[in-house]
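Visitor: I should like to understand how the terms used for a protein model are justified. Would you take me through some of them?

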Amino acid sequence: MDRKNLILAAKAALLVSVLGFCIPLFDSSNGFAAILYFFKEPDGFLYTLAGISLTVMFVMTLVSILHSTVWFVTLKKTAFSSKRVALEWLNYAVMIISGIISFVSVKHFPEEVVDFSAGLYFIIVGWAVSIILFLYSGMLDENLSIKQEESRAYWLLSLPAVIFYFGVMTFPAIFSVFLSTTNYSGGTLFAKCALKFVGLKNYIKVFQDQYFYVSLKNNLWVVLISVFGQLPLGFFLAYILTRGLVKGKDFFQTMIYLPCVISTVVIGILFQSFFSAHGVWTEIMQKINPAYEWSMNNYPMIPVLVVMLWMYTGTYLIIFLANLQKIDPQIMEAATIDGATEWQTLWHIIFPELSGVFVVSAILAISGSLKSFDLIYVMTGGGPAKQTYVLSLYMFDKAFKGAADYPMANTISTIMVVISLILIVVVKTLEKKFGSSEE
């Protein structure tokens, strides 16, 4: 499809936005009926503003359609100058700004609740498709160099993913940091007195709470068992299986990875019963020592850490297996012929080759450890007496249990992100200093 057809397709997409005016847009009224209704309210500034904005939005949509249609169809032109491109973008900007003004005005009508209907979604979809197609048409300018075309193609193809990532990940994270500095306690976000800036008050409150330190300590234990337990064990098992030091490679590989595909809820309930006062663990220990009595109050995190070690080691086993198989076998054979021992081969060949994999796996382990929630929630629920709290469970309880404390919950989530970033920077620094990057 050439540039001319892409621009026409972009303007054809705007017809969907025009259709949005013809079907119910607000409650059961279409856009034209709504405009007439808004202008009939003589004493309502917001009504008049909404009416004017809707009118401008509709007119500019038609102008945008007619501009390109007349230019390409009636005048039979194929060139689209930079001035006309700038005019088109100005047109899009006016459409979107007037749309935002109209819809925000409608939602703030005094003493009147207005709900949006299907027409709004037709307008948004029409705008989005039209803008994306018009952006793509800019790649097909015949006067661009190959480097310019590649640059435009790169940014254009990346733009949807960047926008999606910003909307789903980046913006909520930034907004969470903002809410952690306010007293927002739920309800309408932009209502009068709904937000009040309190600075670092919530952070001071968190650092004065004893359960924050309990949660932080337990999270650090989880990080340690992940980085210094799951990773080394996963690599050790992968190395044994890859080097053929044991028979039944497929069987062991399947059995080690099996916990990763079982539901976390099932595993949590299973080990909750296993470590209970009348569970299998207690019976086994009583066979050895009849006076043995198991109590979760003594070492409440040990069962949780054991289960985590068993459950997630298989993930790193698969990662290391896949990367060990990428190492050229001829290098290993040459080392063996030259008389290298198993340890020398491991230290001088395998470790340098997999240094990048170790770093990535460590980052995955750290991020996964700091957001660990489901297994602990099912297995202990944070008990006994909140001694198995982790930061995610601590945040969950603040946000959704009892009287919701959203500022505290957002503060805890921000602290979790900061801790995660610090640990990741430490891992990357150690990798640069002591390891070599994988090529």
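Guide: The following exchange sets values for this model against the definitions behind them. The model is predicted, so local features need pLDDT of at least 70 and side-chain atom pairs count only at pLDDT 80 or more, while totals for chains, interfaces and linings use all residues. Residues are numbered from 1 along each chain as its sequence is written, and side-chain values use heavy atoms, with hydrogens and water left out.

Visitor: What makes a run of residues a helix or a strand in the protein chain?

Guide: Helices (H or I, at least four residues) and strands (E, at least two) are DSSP runs, numbered from the N terminus. By this rule the protein chain has 18 helices and two strands.

Visitor: How do you know that the length of helix 4 agrees with its number of residues?

Guide: The expected span of a helix is 1.5 Å times one less than its number of residues. Helix 4 (residues 82–107) has 26 residues and should therefore span 38 Å; its end C-alpha atoms lie 38 Å apart, which agrees.

Visitor: How does helix 9 fare under that rule?

Guide: For the 13 residues of helix 9 (residues 249–261) the expected span is 18 Å, and the end C-alpha atoms are 19 Å apart, so the two agree. Helix 9 also bends by about 25 degrees at Met255, the bend being the angle between axes fitted to the seven residues ending there and the seven starting there. A proline, Pro259, follows within four residues.

Visitor: Why is Thr182 called buried?

Guide: Buried means under 20% relative accessible area (exposed is over 50%, partly exposed in between; 1.4 Å probe, protein chains only). Thr182 has a relative accessible area of 2%, and is therefore buried. Thr182 is found in the loop between helix 6 (146–179) and helix 7 (201–207). Leaving aside residues up to four places away in sequence, Thr182 touches Leu195, Lys196, Phe197, Val198, Asn202 and Pro407, where contact means heavy atoms within 4.5 Å.

Visitor: What makes a group of residues a nonpolar core?

Guide: Such a core is a set of buried Ala, Val, Leu, Ile, Met, Phe, Trp, Tyr and Cys residues joined through side-chain atoms within 4.5 Å. The largest one here has 53 residues, and Phe235 and Ile350 are among those with the most contacts inside it. Its largest share, eleven residues, comes from helix 12 (residues 301–324). A second, separate core of 28 residues includes Ile65, Tyr92, Trp127 and Ile131. Tyr92 is also one of the buried residues in helix 4.
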